[in-house]
Amino acid sequence: QVQLVESGGGLVQPGGSLRLSCAASGSTFRFYAMGWYRQAPGKQRELVARISSGDSTNYADSVKGRFTISRDNSKNTVYLQMNSLKPEDTAVYYCTRYSGGSYVSPNHYWGQGTQVTVSS
């Protein structure tokens, strides 16, 4: 069983920045694609960004140019750097591990989520 633990959420003003982290258990982290999703109140969970085992990345149009996903295989951690935050980025952010090295493989594990609130 893989455990994913997110951290770094909080309250930030519009235009501000946050960096989310997701630490994964296990020794095979480097072989799997990882991703970040978010869910706002009353809305469906949506893809934010994902990264393959080979460091290919993919972003939702709404965050392109503002968010950056990265991974550190030596720390079993995936990051989401969020800049120029907007009120509409407010959501619970979830980390996921895919079932393979490609991010087109099914989501296999999920973290518990971390709240991001963008408000003045």
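**Notebook: strand pairing and charged side chains**

I began with strand β3 (residues 18-24), which pairs with β8 in the antiparallel sense over 6 bridges. I took two strands as paired if DSSP finds at least two bridges between them. Helices (H or I, at least four residues) and strands (E, at least two) are DSSP runs, numbered from the N terminus. The model is predicted: local features need pLDDT of at least 70, side-chain atom pairs count only at pLDDT 80 or more, and totals for chains, interfaces and linings use all residues. Residues are numbered from 1 along each chain as its sequence is written, and side-chain values use heavy atoms, with hydrogens and water left out.

**Entry 1: the open sheet**

I looked up one residue pair between β3 and β8: R19 has Q81 in β8 as its bridge partner. I then followed the sheet outward. Its 4 strands run in the order β1-β3-β8-β7, the sheet is open, and the pairing is antiparallel. β1 (4-7) and β7 are the edge strands, each pairing on one side only. I also noted the angle between neighbouring strands of this sheet, which is 15° on average, direction ignored. For such angles, axes are lines fitted to C-alpha atoms, for helices over the stretch in contact, and angles run from 0 to 180 degrees between N-to-C directions.

**Entry 2: strand β11**

I turned to β11 and its partners. Strand β2 (residues 10-12) pairs with β11 in the parallel sense over 3 bridges, and V12 stands opposite V118 in β11. β9 pairs with β11 in the antiparallel sense, also over 3 bridges. There, Y93 has T114 in β11 as its bridge partner.

Which side chains of β11 (residues 114-118) are buried? T114, V116 and V118 point to one face and are buried, while Q115 and T117 point to the other and are not. Buried means under 20% relative accessible area, exposed over 50%, and partly exposed in between (1.4 Å probe, protein chains only). In a regular strand the side chains alternate between the two faces of the sheet.

**Entry 3: salt bridges**

I counted a salt bridge where a side-chain nitrogen of Lys or Arg is within 4 Å of a carboxyl oxygen of Asp or Glu. The count comes to 4 salt bridges. Side chains of opposite charge can pair when their charged atoms come close.

I followed the chain of partners from E46. The side chains of E46 and R38 form a salt bridge at 2.7 Å, N to O. E46 counts as partly exposed because its relative accessibility is 36%, whereas R38, at 6%, counts as buried. R38 also forms a salt bridge with D89, at 3.0 Å, N to O. R38 lies in strand β4 (residues 34-39) and D89 in the loop between β8 (77-82) and β9 (91-98), so this pair ties together parts that are 51 residues apart in sequence.

D89 counts as buried because its relative accessibility is 1%. The side chains of D89 and R66 form a salt bridge at 2.8 Å, N to O. R66 lies in the loop between β6 (57-59) and β7 (67-72), so its pair with D89 ties together parts that are 23 residues apart in sequence. Both D89 and R66 are buried. Shared partners join R38, E46, R66 and D89 into one network of salt bridges.

**Entry 4: R50**

I next examined R50, in strand β5 (residues 46-51). R50 is buried yet has no salt bridge; D61, the nearest side chain of opposite charge, is 10 Å away. Here Lys and Arg count as positive and Asp and Glu as negative; His and the chain ends are not counted.

What does the side chain of R50 reach at 3.3 Å? It reaches the backbone oxygen of Y103. A polar contact of 2.9 Å also joins the side chains of R50 and N58. A polar contact is a pair of N or O atoms within 3.5 Å; within protein, one must be able to donate a hydrogen and the other to accept it, and residues adjacent in sequence count only if both atoms are side-chain atoms. Leaving aside neighbours within four places in sequence, R50 is in contact (heavy atoms within 4.5 Å) with residues including M34, I69 and Y98.

**Entry 5: two loop serines**

I closed with S74, in the loop between β7 and β8. S74 counts as exposed because its relative accessible area is 67%. Its side chain makes a polar contact of 2.5 Å with the side chain of D72. S102 lies in the loop between β9 and β10 (107-110), and S102 counts as partly exposed because its relative accessible area is 34%.
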